[in-house]
Protein chains: 10
Amino acid sequence: MTREEITQQILTARLAKGLTWQQLADAIDKPVVWTTSALLGQHPIPAESARTLVGMLGLDESVVPVLAAVPMRGGLPTAVPTDPTIYRFYEALQVYGGAIKELIHEEFGDGIMSAINFSVNVEKKPHPSGDRVVVTFDGKFLPYDWTAAD
Amino acid sequence: MTREEITQQILTARLAKGLTWQQLADAIDKPVVWTTSALLGQHPIPAESARTLVGMLGLDESVVPVLAAVPMRGGLPTAVPTDPTIYRFYEALQVYGGAIKELIHEEFGDGIMSAINFSVNVEKKPHPSGDRVVVTFDGKFLPYDWTAAD
Amino acid sequence: MTREEITQQILTARLAKGLTWQQLADAIDKPVVWTTSALLGQHPIPAESARTLVGMLGLDESVVPVLAAVPMRGGLPTAVPTDPTIYRFYEALQVYGGAIKELIHEEFGDGIMSAINFSVNVEKKPHPSGDRVVVTFDGKFLPYDWTAAD
Amino acid sequence: MTREEITQQILTARLAKGLTWQQLADAIDKPVVWTTSALLGQHPIPAESARTLVGMLGLDESVVPVLAAVPMRGGLPTAVPTDPTIYRFYEALQVYGGAIKELIHEEFGDGIMSAINFSVNVEKKPHPSGDRVVVTFDGKFLPYDWTAAD
Amino acid sequence: MTREEITQQILTARLAKGLTWQQLADAIDKPVVWTTSALLGQHPIPAESARTLVGMLGLDESVVPVLAAVPMRGGLPTAVPTDPTIYRFYEALQVYGGAIKELIHEEFGDGIMSAINFSVNVEKKPHPSGDRVVVTFDGKFLPYDWTAAD
Amino acid sequence: MTREEITQQILTARLAKGLTWQQLADAIDKPVVWTTSALLGQHPIPAESARTLVGMLGLDESVVPVLAAVPMRGGLPTAVPTDPTIYRFYEALQVYGGAIKELIHEEFGDGIMSAINFSVNVEKKPHPSGDRVVVTFDGKFLPYDWTAAD
Amino acid sequence: MTREEITQQILTARLAKGLTWQQLADAIDKPVVWTTSALLGQHPIPAESARTLVGMLGLDESVVPVLAAVPMRGGLPTAVPTDPTIYRFYEALQVYGGAIKELIHEEFGDGIMSAINFSVNVEKKPHPSGDRVVVTFDGKFLPYDWTAAD
Amino acid sequence: MTREEITQQILTARLAKGLTWQQLADAIDKPVVWTTSALLGQHPIPAESARTLVGMLGLDESVVPVLAAVPMRGGLPTAVPTDPTIYRFYEALQVYGGAIKELIHEEFGDGIMSAINFSVNVEKKPHPSGDRVVVTFDGKFLPYDWTAAD
Amino acid sequence: MTREEITQQILTARLAKGLTWQQLADAIDKPVVWTTSALLGQHPIPAESARTLVGMLGLDESVVPVLAAVPMRGGLPTAVPTDPTIYRFYEALQVYGGAIKELIHEEFGDGIMSAINFSVNVEKKPHPSGDRVVVTFDGKFLPYDWTAAD
Amino acid sequence: MTREEITQQILTARLAKGLTWQQLADAIDKPVVWTTSALLGQHPIPAESARTLVGMLGLDESVVPVLAAVPMRGGLPTAVPTDPTIYRFYEALQVYGGAIKELIHEEFGDGIMSAINFSVNVEKKPHPSGDRVVVTFDGKFLPYDWTAAD
């Protein structure tokens, strides 16, 4: 079974069992965004955690080594996302991406926010005019650095 | 002169004058991400603020009404960004977009993070293993709500 | 079974049973556009309604939790629709989209029509020179509003 | 001067003169959506009306025959619109397009809503939880009809 | 079974049975271009005709309601056709499409040739230097007409 | 001046002079579809005819050799046309292209309709329920023929 | 079984049986490029030849009528080929396509090399600095010729 | 002036002066396909030859160093060519590309036809049923060879 | 079974058996990058080596002739890679590709680095500020050389 | 003047002055790949170095602040490069990208080669069968590391 097929099984099994992503994350003591992303096929899951999750979801144990392997990443079915919930983040990049780039350079110099030494947090914050979704992208600054092995 | 041509003039004039985005934002007393995004052509700039900025940058006053009009938004030159600093945010969507969607639904129910009732913050946070770029997307939760005018 | 596979089953079962979309909507006491869109895989269907529909269509009860989950939305098979009935709406956007944008801004200020706090209505209206299809897109105006959680 | 260049001039002149689209429409006694769309390059403008508009906007009279000619239509700069105000309509097509198609067929039979014998209306409607943008697409139903000239 | 799967069965069954498109069209007393297009999945086939065709082709009777439903139209596997026989028509659009547009406007005014009130004819015409394929697109002229339901 | 720039000049000059495509065609005694297509940049125009046309349109004589050269053909600004008048022909290909292919093969055998040994005709034909646009694509049948120079 | 599925079977069977394309071509006494292209799904194969090939490859006789039908042509899986052996021909078009066009026009006048009245030859030619692949595209010149059926 | 601008000048100047590609090639004693391709911006032209050509075409001598530099190659304006004369070669790749690949491997083993150690020839060959365009792609066979510098 | 299906089996079997790519490469005494690429479907694997690998992985012997045949190459699922590990190489091309081209021309003259007479090496090199990935692309220089078979 | 316009000036001026990239790099004492890439618009050039280069190339001093600013990176004119010299690197990614990914994971664990803490080297290495282009991509290994600012 390929990783994509396992991801499909996970999605269906989670709904059938009525498990939340938080419960799955708690079971392996990992952050919930990381766990969800991993179960959606974007991160390798260490074998022990994979066994726990596979047990909770009632999948076949034989999928563990595939879950534990580094996957081919990239989870959007189209280059420009069509799902409205995901699209809003793409739209934010269209409108604010240039500004974010300019300000990273103004505050840090030439370089990028790492998407590897990185974490994401999704939070629900109350506000008088309605709850807010606060998503934090938190990555190490990596300055452009022309270095060679020797 | 079109908004695009004015944006090009702003970019060149800012560098020639040696002004920071923060100085431009302070001059009109607006958040710096908003100001930068607006100067990059993504938001209308109220006429009074536009006049201040146009003065600082040495542009022609005739551009003010164009700056004050709602622009055609969308600032990425290609659907998939090629600039590495901007690309990392697109990559984060590829890897974490599905998980963010699932968790918004798990925590809030069916709906989206608004990209209109919305703000972005770019912060530099120290960390023992190197400064971090922390970018916060903060939007009102909008539940799917089947409503009609009457 | 994935949501896509369930949608295929729904389409075939509806035709085999000779049910109209209106009958399906009436059975769960929901607007017909909403119901049709949901059965086409674009909205979660509350479990109780899902059970009713699954019964009418003769599908397996095990699909209920998948129908009740928020789906990955986006129902057009290509970025530019090829089906003539759907294409005409895309064409209307090509010809009138710019004008609609300008007039939303002229009447309401800077902002958008929400597609989330939103309803669609399809009506048949008589006219001396032939019946007319009147489709109403009705969404809450959302002004651009730079707000943060605190 | 090409139609595209004239459209650019119209956009800038309108802002410089501080004219609303409604004022321009009133001056030629035409619906405002039609007028705006026409001034954005999507419809021919009868020569007399064109002369009135050209006068109000201070453009050169020589552009009148170009405005009066049928233009090459299609006003979106990219196949999938990036501007958020326009995008919401595209998103509505992604989510509700399939349902609209099914219901046109259920209510009218096989055929389409004409986008040629057609009008669009943009209205502001009050609502307790906030004003609503109500956009009506109103086109003649055209049944699929296999007809030949003789 | 989906319409696409039925179309595949039709294609194979027709070849296995050695039936011509003309024979299938004659059996239901419909024009041959219409019949072929319908059997290729582009038109609904009235139930009675569908039963006749299904019988001739030896398919299962259960496909009749799917054949009788309005299909999702659009039969080219890629946006630009790769098959040489079909490509030549696309090429003709590239070379003559602009001229056809200009002449429709010159002869009829602003509007289009309907592709809905429409028929196509494929004819073999002799010519001293070799037989000719004469394909006629025959559609009602639809003038741009700004009409509303009331 | 490139052919594209000359085409732009022709378009504007024709409107300014109030010349019809038919008048231009008559002046050089050529079919009107051919002439229009050629003036839109899709065919070389023999020098003598070019001189006549350049004279009528008031262009500079120096463009004649460029008009007389074989152009880089292909007149649609996007792979899928956005102009509604042209789009209908593309739509007809989506809906009837497969059927046309099948019937060319059924009537002629394996091969194509030439788009080179070819003519197009645009006609206005009366019909009780409204005038019809009848466009005839007329090309020599070319059978697939595996031939080599020697 | 569709033509695509048959092609997959042919590819696997040929390798399992250890047959060369030349042997298959010799068995039906046809040129090897034509035979290979036909077996890859790009040409109809006359029933008798198809039976011979099907026998050699050990396929089911029922595929013969599908092989004998004119296929939907177009064998590249992506618009720009990714396989290096095929890509080099695409690259040659990028670098020399413009020149080939100019020289066809200079030597023959306005027109094309037919890809229908056409043959291809692949030859191995010795050369002091290494064997050469010599691929000849040989098509009848077709002059642009505005002809109609009557 | 960029190479692209110089190419445009060359194209116009050649037509204005009435020079053939063959005459230009003869003047620098190079093959005509190579010369044409180089003048279309696909090859560097040695300074001495460039000076000769620039003289014949009446261009400014300052373009010589740009002509002598290696250009950014790739001469098709779209990934899939729209010009019919060039398209036929792309079509031949769609229909015969797979076969050519298989036969190169059958005759030579794993590897490619070089497009660098390569020449193209365009010939006019008589044939009883009409002159033929014979285009020969002639490239050194390069076997896949896993070699490292040391 | 097609090569793609075999590749999927190899990927799963390798993980299930806990074999490293290095072990597989050692077993057939080939470089590890070559072996991995071949097992991912990008190179033919000589029958004897294929048999060894098939044995280690527990696949069916019948796949050997397919593994031994030259595959259709091209291993990226999208034209622009989405996997971050692979994307970085694409990004390096975006940022340094132009410079690499200029320097190959400056140091070697007009030509290319062969990707056929070519090897790749992946090395882990220590560095005070962290281990480095050093990937070497090593290809024979091929000068543009206009040569014909005779 | 925009960075793109300055890049064009640099390219032309370098050729007109007959300067090599190496000479430009030596003048500012920087690696030649870095310098070339920066002059092609992919890196900011410190003001002092920029002044030196601008002097050598005879450009206007006013371009210095633009050269010193962080540019919008991404130097390929199309997503898939068409220039053969650059394409070979893209092809190498198609053929070896999957293998490189697998081996980075096998040797280093889950993570990427940084393209920011990174250098590229282009070397000419002699080899008995012809000089080789050896391009080394050398980037710091970045392990996937779920870290947050606090």
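Me: Why is helix 3 of chain A largely enclosed by the rest of the structure?
Reply: In this predicted model, local features need pLDDT of at least 70 and side-chain atom pairs count only at pLDDT 80 or more, while totals for chains, interfaces and linings use all residues. Helices and strands are DSSP runs numbered from the N terminus (H or I, at least four residues; E, at least two), and a residue is buried when its relative accessible area is under 20%, with a 1.4 Å probe and protein chains only. Helix 3 of chain A spans residues 32–39, and it is largely enclosed because the buried residues number eight of the eight.

Me: Which element of chain B helps to cover the buried residues of helix 3 of chain A?
Reply: The buried residues include Trp34(A) and Leu39(A). Within chain A, the cover includes helix 1 (3–17), helix 2 (21–28), helix 4 (47–57) and strand 1 (111–125). From chain B, the cover includes helix 6 (84–108).

Me: What relation do chain A and chain B have to one another?
Reply: Two copies of a chain are related by a rotation about an axis and a shift along it. Here, with copies superposed by least squares on the C-alpha atoms of residues with pLDDT of at least 70 in both, a rotation of 180° with 0.0 Å of shift along its axis places chain B on chain A at an RMSD of 0.0 Å. That is therefore the relation of a two-fold axis.

Me: Which residue of chain B comes closest to the rotation axis?
Reply: The axis in question is that of the 180° rotation superposing chain B on chain A. Judged by its C-alpha, at 2.2 Å, the residue of chain B that comes closest is Thr136(B).

Me: How many residues of chain H are in contact with chain J?
Reply: Residues are numbered from 1 along each chain as its sequence is written. Contact here means heavy atoms within 4.5 Å. On the chain J side 16 residues take part, and on the chain H side the number is 16.

Me: How many residue pairs are in polar contact between chain J and chain H?
Reply: A salt bridge requires a side-chain nitrogen of Lys or Arg within 4 Å of a carboxyl oxygen of Asp or Glu, and across this interface the rule finds zero. A polar contact is a pair of N or O atoms within 3.5 Å, where within protein one must be able to donate a hydrogen and the other to accept it, and residues adjacent in sequence count only if both atoms are side-chain atoms. With both residues at pLDDT 80 or more, the count of pairs is three.

Terms used
Chains are lettered from A and ligands numbered from 1 in the order in which they are written. Side-chain values use heavy atoms; hydrogens and water are left out. Buried means under 20% relative accessible area, exposed over 50%, partly exposed in between (1.4 Å probe, protein chains only).
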